[in-house]
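Here is a small set of exercises to work through with the structure open beside you. Try each task first, then follow the solution one step at a time.

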Amino acid sequence: MKRAISLADQYKYTAKPNPVVGCIIVKGETIISEGAHKEFGSNHAEVNAIEEAKKNQGITFNSFGELTLICSLEPCNHTGKTGPCSEAIISSGIRNVVVGAEDPNPLVSGSGIRNLINHGVKVQSGVCAKLVEEQNKFFFFKNKNNRPYITVKIASSRDGKSYLPNEERTYITCKESIDDVQKVRANYDAILTGGNTVVNDSPRMNARVSFPVNQPKKILLSNKSNFDLDADFFVNCEYEILNETNIDKIIERYRYKDITSILVEAGPKLVNAFLDSGKVDEIIIYQSPNNLGINGVNWFKEDNAVEKLSFKLESSYKIKADTKKIYIKC
Ligand SMILES: NC(=O)c1ccc[n+]([C@@H]2O[C@H](COP(=O)([O-])OP(=O)(O)OC[C@H]3O[C@@H](n4cnc5c(N)ncnc54)[C@H](OP(=O)(O)O)[C@@H]3O)[C@@H](O)[C@H]2O)c1
């Protein structure tokens, strides 16, 4: 199972917003084939492993009845972008299946396993389930909570400021921190910001990384209608502009959409609106050792605002002279 989990891990930036899934097919101690869900919309891991095994039939094994299929997530039982994996397993002739975690998606949630059992397949489930859940944190969160996981990311000066008004753009943190943000963005299905940030900073807000990634979609909250759509923010990406200020309604919008996680990268007004909604699950702060001074705009109205909102420091480490702190909602 751990091999199936690590196979899956390689595709975490290209399978999203789908979960990553890995699968191996064994005969006794020998691995016959492997498969993974590599890209959103492409074949599932089980189908890839079965297709791979077919190439070895008559060489390393004779009949599929001799084999055991080990997959990190419960095989699906519905037709989505691909056919049901439970049916592919049944028709392959495999009689033994080991499952990591049950799929929390209401379209599956146990029905894949039941279908296998009903067709005489022996199933063992729950092997390394915690590891699979951790590996697919956003996917499990969305299915359990009916909303995407929400992270707020901010860059703060030492004196707790967010930007200098009347300046074109305020760079607060060092280049290495900005590079780190690219990898953070690559994890998320969507990046959300507000109208003032797009007008004042003209940000790109994409994941500029050296590996293949399904770029996050962009969500812009604004009542403005005169954006320059040739600006970097809008180019070569999927975006939507929402004229909506109610945070609960905005989040509810993504309940049935293929978005399991949202990274909020905005200025203090919108960040505080999200924090006030109580729907933020994580805060990432990149803190610079430099002050912006009295002209800077405070991130928060009071000291220790993050702790007062029941966030607990999970990790804190240096990126050059900056400090990156991650807080999780208690
Ligand atoms: N240090 C950092 O990490 C960081 C990150 C991002 C931005 N910034 C700085 O922040 C400055 C802008 O800050 P900001 O807070 O005014 O801008 P913002 O990030 O654009 O957020 C505020 C805007 O979001 C929209 N909005 C929609 N619903 C809202 C709600 N419920 N509450 C509040 N706003 C809502 C409104 O856009 P409309 O007015 O268009 O309708 C509002 O003006 C920028 O100049 C930028 O330099 C700093």
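## Exercise 1: Two unusual backbone spots

Start in the loop between α1 and β1, where Pro 17 lies. The model you are looking at is predicted.

**Task.** Find the peptide bond from Lys 16 to Pro 17: is it cis or trans? Then find out which loop holds Met 205, and what its phi is near.

**Solution.**
- Step 1. Keep the usual case in mind: most residues other than glycine have a negative phi, and most peptide bonds are trans.
- Step 2. Look at omega for the bond from Lys 16 to Pro 17, which is near 5 degrees; this bond is cis.
- Step 3. Move on to the loop between α8 and β9 (217-221), where you will find Met 205.
- Step 4. Read phi for Met 205: the value is positive, near 55 degrees, in a residue other than glycine.

## Exercise 2: The five-stranded sheet

**Task.** In what order do the 5 strands of the open sheet run, and which strands stand at the edges?

**Solution.**
- Step 1. Trace the strands across the sheet: the order is β2-β1-β3-β4-β5, with mixed pairing.
- Step 2. Check the ends. β2 (30-36) and β5 (122-125) each have a single partner strand, so one side of each is left without a neighbour in the sheet.
- Step 3. Look at the turn between neighbouring strands of this sheet, which averages 20 degrees when direction is ignored.
- Step 4. Pick out one pair: β3 (residues 68-73) and β4 (residues 96-101) are parallel, with 5 bridges. Ile 70 has Val 98 in β4 as its bridge partner.
- Step 5. Add the helix α1 (residues 2-9), which lies across β1 (22-27), β2, β3 and β4 and runs at about 145 degrees to β1.

## Exercise 3: Three helices in a row of contacts

**Task.** How do α2 and α4 each pack against α3? Compare the angle, the crossing and the residues in contact.

**Solution.**
- Step 1. Know what to look for: two packed helices are described by the angle between their axes and the distance between the axes.
- Step 2. Take α2 (residues 45-54) with α3: the axes are 9 Å apart and the angle is about 25 degrees. Angles under 35 degrees count as roughly parallel, and α2 is therefore roughly parallel to α3.
- Step 3. Note the hand of this crossing: α2 passes α3 left-handed. From α2 the contact uses Glu 46, Val 47 and Ile 50, and from α3 it uses Cys 85, Ala 88, Ile 89 and Ser 92. Sorted by class, this contact of α2 with α3 has 5 nonpolar, 1 polar and 1 charged residues.
- Step 4. Now take α3 (residues 85-92) with α4 (residues 111-118), whose axes come within 9 Å and cross at roughly 20 degrees. These two helices are therefore roughly parallel as well.
- Step 5. Note the hand again: α3 passes α4 in a right-handed crossing. Cys 85, Ser 86, Ile 89 and Ile 90 of α3 meet Gly 112, Asn 115 and Leu 116 of α4. The contact of α3 with α4 has 4 nonpolar, 3 polar and no charged residues.

## Exercise 4: The eight-stranded sheet

**Task.** Which strands stand at the edges of the sheet of 8 strands, and what is the bridge partner of Lys 318 in β15?

**Solution.**
- Step 1. Write down the order of this open, mixed sheet: β10-β9-β8-β11-β6-β12-β15-β14.
- Step 2. Find the edges. β10 (239-242) and β14 each have a single partner strand, so one side of each is left without a neighbour in the sheet.
- Step 3. Follow β15 (residues 322-329) to β12 (residues 282-287): the pairing is antiparallel, over 6 bridges, and Ile 284 is bridged to Ile 326.
- Step 4. Follow β15 to β14 (residues 311-319): this pairing is also antiparallel, over 8 bridges. Lys 318 has Thr 323 as its bridge partner in β15.
- Step 5. Look at the hairpin of β14 and β15, with 2 residues between the strands, where Lys 320 takes a positive phi near 50 degrees.

## Exercise 5: Around the ligand

**Task.** Which element gives the largest share of the shell around the ligand?

**Solution.**
- Step 1. Find the residues that come nearest among the 26 around the ligand: Gly 194, Gly 195, Ala 266, Gly 267 and Lys 269.
- Step 2. List the elements that give two or more residues to the shell: β6 (149-156), β7 (161-163), β8 (190-194), α8 (195-201) and α10 (268-277).
- Step 3. Pick the largest share, which is the 5 residues from α8.
- Step 4. Sort the shell by class: 10 nonpolar, 12 polar and 4 charged residues.

How values were computed: Residues are numbered from 1 along each chain as its sequence is written. This is a predicted model: local features need pLDDT of at least 70, side-chain atom pairs count only at pLDDT 80 or more; totals for chains, interfaces and linings use all residues. Axes are lines fitted to C-alpha atoms, for helices over the stretch in contact, and angles run from 0 to 180 degrees between N-to-C directions. Helices (H or I, at least four residues) and strands (E, at least two) are DSSP runs, numbered from the N terminus. Angles under 35 degrees count as roughly parallel, over 145 as roughly antiparallel, 65 to 115 as roughly perpendicular and the rest as oblique. A crossing is left-handed if the near helix is turned anticlockwise from the far one by less than a right angle, and right-handed if clockwise. Two residues are in contact if their C-beta atoms, placed from the backbone, lie within 7 Å. Ala, Val, Leu, Ile, Met, Phe, Trp, Tyr, Cys and Pro count as nonpolar, Asp, Glu, Lys and Arg as charged, and the others, Gly among them, as polar. Two strands pair if DSSP finds at least two bridges between them.
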